[in-house]
Amino acid sequence: MTLQQWLFSIKGRTGRRDFWIWIVIWLVAMFCLFTLAGSNLIDMQIAAFALVCLQWPTATVVIKRLHDRGKSGLWALLLILAWMLLAGNWAILPGIWQWIVGRFIPTLVMVMMVIELGAFIGTQGENKYGKETQDVKFR
């Protein structure tokens, strides 16, 4: 698989190694962007724009990893739901429900998705989403 297919196409499958490579790249990029923005070396809007630009490659890697596990890419919507719950203002809910809806459920979904995508091996052989997983050719 080429870099372009890996980062910009939702077709095919990707393995755990390439999934973790992208996650590390994404985390380092986010750390650098918001560290620079926090120390006023770049504008926060530029950092936010870079975050938006990295959403498509992140989505494609996650979807292809789900395909490798034999699941539909629509399962990635759980991560969006978790992000929205985490960002919500749940002050209208009574006591413990604020914590359950605003923190526990999003954390549970994110941890389960990391375990599903990052720890479990993909389906062996061909599945309905494509042929056997191919490693990304970085050179």
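Where does asparagine 40 lie? Asparagine 40 turns up in the loop between α2 and α3, and the first close-up starts there. Keep in mind that everything shown here comes from a predicted model.

**View 1. Asparagine 40, just past the end of helix α2.** This residue has a positive phi of about 60°, even though it is not a glycine. That's worth a second look, since most residues other than glycine have a negative phi. Is asparagine 40 buried or exposed? Its relative accessibility is 69%, and anything over 50% is called exposed, so asparagine 40 counts as exposed.

**View 2. Helix α2 from end to end, residues 16–38.** Here's the helix that leads up to that loop. It runs for 23 residues and spans 32 Å from its first C-alpha to its last, close to the 33 Å expected at 1.5 Å a residue. Its buried residues are Asp18, Phe19, Trp22, Ile23, Met30, Leu33 and Ala37. As for spacing, an α-helix has 3.6 residues a turn, so residues three or four places apart point the same way. What do the buried residues of α2 pack against? Their partners are α1 (3–8), α3 (44–53), α4 (55–68) and α6.

**View 3. Isoleucine 23, a residue of helix α2.** With a relative accessibility of 18%, under the 20% cut-off, isoleucine 23 counts as buried. Leucine 7 sits 16 residues away along the chain, and the C-alpha atoms of the two are separated by 12 Å.

**View 4. The largest nonpolar core and phenylalanine 19.** This core is made of 22 residues, and those with the most contacts inside it are Trp6, Phe19, Trp22, Val61, Val62, Leu66 and Leu117. Two or more residues come from each of α1, α2, α3, α4 and α6. Which helix gives the most to this core? That would be α2, with six residues. Zoom in on phenylalanine 19 and, leaving aside neighbours within four places in sequence, you'll find it in contact with Val61, Val62, Arg65, Leu117 and Gly118.

**View 5. A nonpolar patch out on the surface.** Ile96, Trp97, Trp99, Phe104, Ile105, Leu108, Val111, Met112, Ile115 and Phe120 make up this patch, and together they have about 960 Å² of accessible area. One of them, isoleucine 105, belongs to helix α6 (residues 95–118). Its relative accessible area is 33%, which falls between the 20% and 50% cut-offs, so isoleucine 105 is partly exposed.

Definitions and conventions
Residues numbered from 1 in each chain as written. Predicted model: local features only at pLDDT ≥ 70, side-chain atom pairs only at ≥ 80, totals over all residues. Heavy atoms only, no water. Patch = residues over 30% accessible without salt bridge, like charges linked within 9 Å, V, L, I, M, F, W, Y side chains within 5 Å. Areas by Shrake-Rupley, 256 points an atom, 1.4 Å probe, with all protein chains shown as cover. Salt bridge = Lys/Arg side-chain N within 4 Å of Asp/Glu carboxyl O. Helix = DSSP H or I, 4+ residues; strand = E, 2+ residues; numbered from the N terminus. Buried < 20%, exposed > 50% of the residue type's maximum accessible area, 1.4 Å probe, protein only. Expected span 1.5 Å × (residues − 1). Contact = heavy atoms within 4.5 Å. Core = buried A, V, L, I, M, F, W, Y, C linked by side-chain atoms within 4.5 Å.
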